[in-house]
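The following note is meant for a colleague who is opening this structure for the first time. Please read the numbered points with the sequence and the model side by side.

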Amino acid sequence: MAKIAEWEREFQVWQYSVSHSMLLLRSVNVEGFETRIDVLFTAVELMHLQPYCARLEISEATSVERGQILGDQLAAELPGTLYLLNGGEGYVLARRCSWHEDLGDHHTPSKFGPLRGTE
């Protein structure tokens with residue numbers, strides 16, 4: 001597994017859009033932090049995650065890990081990258097993962113555009 005991002009702060013599932021298969025995780029100005037972080041997964045095929053986590057580490061699974069988690073047949077059939085969350089406690093199979101940090105709060109529109117319910 002290759003780590004691509006890590007934050008020592010609380011995150012929660014903020015939005016999932018069925019129509020565009022987008023998953024937004026958000027860390028809003030929690031105690032001790034002035035910024036907000038949005039993490040967006042696009043073209044989500046599969047996901048297995050808790051609605052809340054005390055920290056967030058995102059890694060890209062190796063082909064062996066992908067086969068172990070998804071099974072060899074699904075691993076070969078489904079497109080996208082398998083992103084492991086917090087060392088494999090959860091995962092998201094998606095085409096892309098990107099993030100943005102800003103001074104926004106709960107009501108500030110996301111840099112990723114209008115996602116229904118997030119303004």
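**Notes on the sheets, the helix and the rings**

1. One open sheet holds five strands in the order 6-2-3-4-10, and its pairing is antiparallel. Its edges are formed by strand 6 (52-53) and strand 10 (96-102), each of which pairs on one side only. Please keep in mind throughout that this is a predicted model.

2. Within this sheet, strand 3 (residues 22-27) and strand 4 (residues 36-42) run antiparallel and are joined by five bridges. For orientation when tracing this pair, S27 has I37 as its bridge partner in strand 4.

3. A further open sheet of five strands, again with antiparallel pairing, follows the order 1-7-8-9-5. Here the edge strands are strand 1 (2-7) and strand 5 (46-48), and each of them pairs on one side only. From one strand to the next, the twist averages 20 degrees.

4. The pairings along this order can be followed one by one. Strand 1 pairs with strand 7 in the antiparallel sense over five bridges, and W7 stands opposite L56 of strand 7. Strand 7 and strand 8 also run antiparallel, joined by three bridges, with S59 standing opposite L84 in strand 8. Strand 8 (residues 81-85) in turn pairs with strand 9 (residues 90-94), in the antiparallel sense and over five bridges, and in this pair L85 is found opposite G90 of strand 9. As general background, the strands of a sheet pair through backbone hydrogen bonds, in either a parallel or an antiparallel manner.

5. Strand 7 deserves a separate look, as it is mostly covered, with four of its five residues buried. I58 lies in this strand, and I58 counts as buried because its relative accessibility is 0%. Leaving aside residues up to four places away in sequence, I58 touches A2, K3, I4, A5, W7, V39, F41, Y83, L84, L85 and C97. One of these contacts, A2, is 56 residues from I58 in sequence, while the two C-alpha atoms are 8.6 Å apart in space.

6. How is helix 1 placed against the strands, and at what angle does it run to strand 8? Helix 1 (residues 63-70) lies across strand 5, strand 7 (56-60), strand 8 and strand 9, and runs at about 80 degrees to strand 8. Within helix 1, the residues E65, R66, G67 and L70 are buried, and what covers the buried residues of this helix includes strand 5, strand 7, helix 2 (72-77), strand 8 and strand 9. Helix 1 is followed by G71, which has a positive phi, near 90 degrees.

7. Turning to the aromatic residues, a search of the whole structure finds three aromatic pairs. In the pair formed by W7 and F11, the ring centres are 5.5 Å apart and the planes stand at 45 degrees, so this pair is described as tilted. Both W7 and F11 are buried, and together with W99 they form one aromatic cluster.

8. Finally, a charged side chain can be considered together with a ring. R9 lies over the face of F33, at 4.4 Å from the ring centre.

Conventions: Residues are numbered from 1 along each chain as its sequence is written. This is a predicted model: local features need pLDDT of at least 70, side-chain atom pairs count only at pLDDT 80 or more; totals for chains, interfaces and linings use all residues. Side-chain values use heavy atoms; hydrogens and water are left out. Two strands pair if DSSP finds at least two bridges between them. Helices (H or I, at least four residues) and strands (E, at least two) are DSSP runs, numbered from the N terminus. Axes are lines fitted to C-alpha atoms, for helices over the stretch in contact, and angles run from 0 to 180 degrees between N-to-C directions. Contact means heavy atoms within 4.5 Å. Buried means under 20% relative accessible area, exposed over 50%, partly exposed in between (1.4 Å probe, protein chains only). Rings of Phe, Tyr and Trp (its six-membered ring) pair if their centres lie within 6.5 Å; planes under 30 degrees apart count as stacked, over 60 as edge-to-face and the rest as tilted. A charge sits over a ring if NZ of Lys or CZ of Arg is within 6 Å of the ring centre and within 35 degrees of the ring normal.
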